[in-house]
Amino acid sequence: MGASRQNFSFVAESTLGKLAKWLRLAGFDTLFDHQAPDSKQLVRLAASQRIILTRTQRVYRFLPAFQGILILHNKTTDQIRHVIDELEIQPWDLKPLTLCTLCNIQLKKQSKDTLARQVPDFIRQCHTSFLTCPQCNRTYWAGSHCKNIKTRMQSWFSSSEK
């Protein structure tokens, strides 16, 4: 298999908020709204080359072939593994921690000198790399949670846990 990254884009139904958040953390463009679009809106979104993630059989039946995944699992980890298996996503397809988890926008590098008001002094002294969301101005840095997130992502591909 080659090492090129697939560009998967998703739309997640309103009941799949945790799944949407984890897909964004993994670097996948994932539209999500707390207000559920109706089945006709989802079909239109599927036409824009997005994969629809739904828990609703009625919605799934409206979707064109190969444009949707019916999510039957309740646990987020099982949902993620289902998406990974359906699309044959590989570890190298992930771009962890590159999108804003709120806005779904590509994060931009930011110098710590420009973040004096957004980041506590202690954090600016301990870290050299910062990312910000151009839309909501939220600031991200590689705290201890980043290692935990990446470890969890690696476990999605572990055959012993499937």
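Select helix α1 and helix α4 together: in this predicted model, α1 passes α4 in a right-handed crossing. To display the pair, choose residues 17-25 for α1 and residues 76-87 for α4. The two helices pack at an angle of about 60°, and their axes lie 9 Å apart. The helices α1 and α4 are therefore oblique to each other.

Next, show the side chains where these helices touch. Which residues of α1 meet α4? On the α1 side, select Lys18, Leu19 and Trp22. On the α4 side, select Thr76, Gln79, Ile80 and Val83, which these α1 residues meet. Colouring the contact of α1 with α4 by residue class will show four nonpolar residues, two polar ones and one charged one.

Now leave the helices and turn to the sheet. Select β5, β6 and β7: these three strands form an open sheet, arranged in the order β5-β6-β7, with antiparallel pairing. Which strands stand at the edges? They are β5 (108-110) and β7 (139-141); each has a single partner strand, so one side of each is left without a neighbour in the sheet. Viewed strand by strand, neighbours in this sheet are turned by 40° against each other on average, direction ignored.

Finally, restrict the view to β5 and β6, taking residues 130-132 for β6. How many bridges join β5 to β6? There are three, and the two strands run antiparallel. To inspect one bridge pair, select lysine 109 and then leucine 131, its bridge partner in β6.

How values were computed. Residues numbered from 1 in each chain as written. Predicted model: local features only at pLDDT ≥ 70, side-chain atom pairs only at ≥ 80, totals over all residues. Heavy atoms only, no water. Axes fitted to C-alpha atoms, helices over the stretch in contact; angles between N-to-C directions. Helix = DSSP H or I, 4+ residues; strand = E, 2+ residues; numbered from the N terminus. Parallel < 35°, antiparallel > 145°, perpendicular 65-115°, else oblique. Left-handed = near helix turned anticlockwise from the far one by under 90°. Contact = heavy atoms within 4.5 Å. Nonpolar A, V, L, I, M, F, W, Y, C, P; charged D, E, K, R; others polar. Pairing = 2+ DSSP bridges.
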